[in-house]
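Let's take a walk through this structure together, one stop at a time. Keep the sequence at hand as you read.

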Amino acid sequence: MALSYKARRRWSLFILLVGMPLYIIFAIAGVALLFSNVGRPPLWAEFTIYVILGVIWIFPFKRVFMGVGQADPNAPEED
């Protein structure tokens, strides 16, 4: 089932305003929990983990964000 342009815009806004902050909180807590027994990882390892986590989140939502910044393709043309 394909989402309409309007639904994709709403979902993308929801994902960015609610989902993204929650993902950041869980990502930071997860990394802290992962290294809680061994101490803080080296800076390069921590940076790499956060870069990977920062890129991975978008893949499930790629279809939602495609074309959202463009004009509505189903809207009637204005003269």
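A residue is called buried when its relative accessible area is under 20%, exposed when that area is over 50%, and partly exposed in between. With that in hand, R40 is easy to place: its relative accessibility is 68%, so R40 counts as exposed.

Before going further, a word on confidence. What you see is a predicted model. The protein chain has an average pLDDT of 87, and 97% of the residues score at least 70. Confidence is highest in helix 2, at a mean of 93, and lowest in helix 3 (residues 62–65), at 86.

Now back to R40 and its partner. Side chains of opposite charge can pair when their charged atoms come close. Here R40 forms a salt bridge with E46, and their closest N and O atoms are 2.9 Å apart. The count of salt bridges comes to one. How accessible is E46, the other half of this pair? E46 has a relative accessibility of 14%, and because buried means under 20%, E46 counts as buried. The salt bridge therefore joins an exposed arginine, R40, to a buried glutamate, E46.

Next, look at helix 1, which covers residues 5–34 and includes S12. Is S12 buried or exposed? Its relative accessible area is 5%, so S12 is buried. The side chain of S12 reaches the backbone oxygen of R9 at a distance of 2.8 Å. If you set aside the neighbours within four places in sequence, S12 is in contact with V64, F65 and V68.

L13 also lies in helix 1, but its surroundings are another matter. At 51% relative accessibility, L13 counts as exposed, because the cut-off for that class is over 50%. L13 belongs to a nonpolar patch on the surface, together with L3, W11, F14, L16, L17, V18, L22, I25 and F26. Together these residues have about 1,000 Å² of accessible area. So as you step along the chain from S12 to L13, you go from a buried residue to an exposed one.

Our last stop is G54, which has its place in helix 2 (residues 43–56). With a relative accessible area of 40%, G54 falls between the two cut-offs and is therefore partly exposed. How far apart are G54 and L43 in space? From C-alpha to C-alpha they are 16 Å apart, with their positions 11 residues apart in sequence numbering.

Terms used:
Residues are numbered from 1 along each chain as its sequence is written. This is a predicted model: local features need pLDDT of at least 70, side-chain atom pairs count only at pLDDT 80 or more; totals for chains, interfaces and linings use all residues. Side-chain values use heavy atoms; hydrogens and water are left out. Helices (H or I, at least four residues) and strands (E, at least two) are DSSP runs, numbered from the N terminus. Buried means under 20% relative accessible area, exposed over 50%, partly exposed in between (1.4 Å probe, protein chains only). A polar contact is a pair of N or O atoms within 3.5 Å; within protein, one must be able to donate a hydrogen and the other to accept it, and residues adjacent in sequence count only if both atoms are side-chain atoms. Contact means heavy atoms within 4.5 Å. Patches are made of residues with over 30% relative accessible area and no salt bridge: like charges are joined within 9 Å, nonpolar side chains (Val, Leu, Ile, Met, Phe, Trp, Tyr) within 5 Å. Accessible areas come from the Shrake-Rupley method with a 1.4 Å probe; for residues, only the protein chains shown count as cover. A salt bridge is a side-chain nitrogen of Lys or Arg within 4 Å of a carboxyl oxygen of Asp or Glu. pLDDT is the predictor's confidence in each residue, from 0 to 100.
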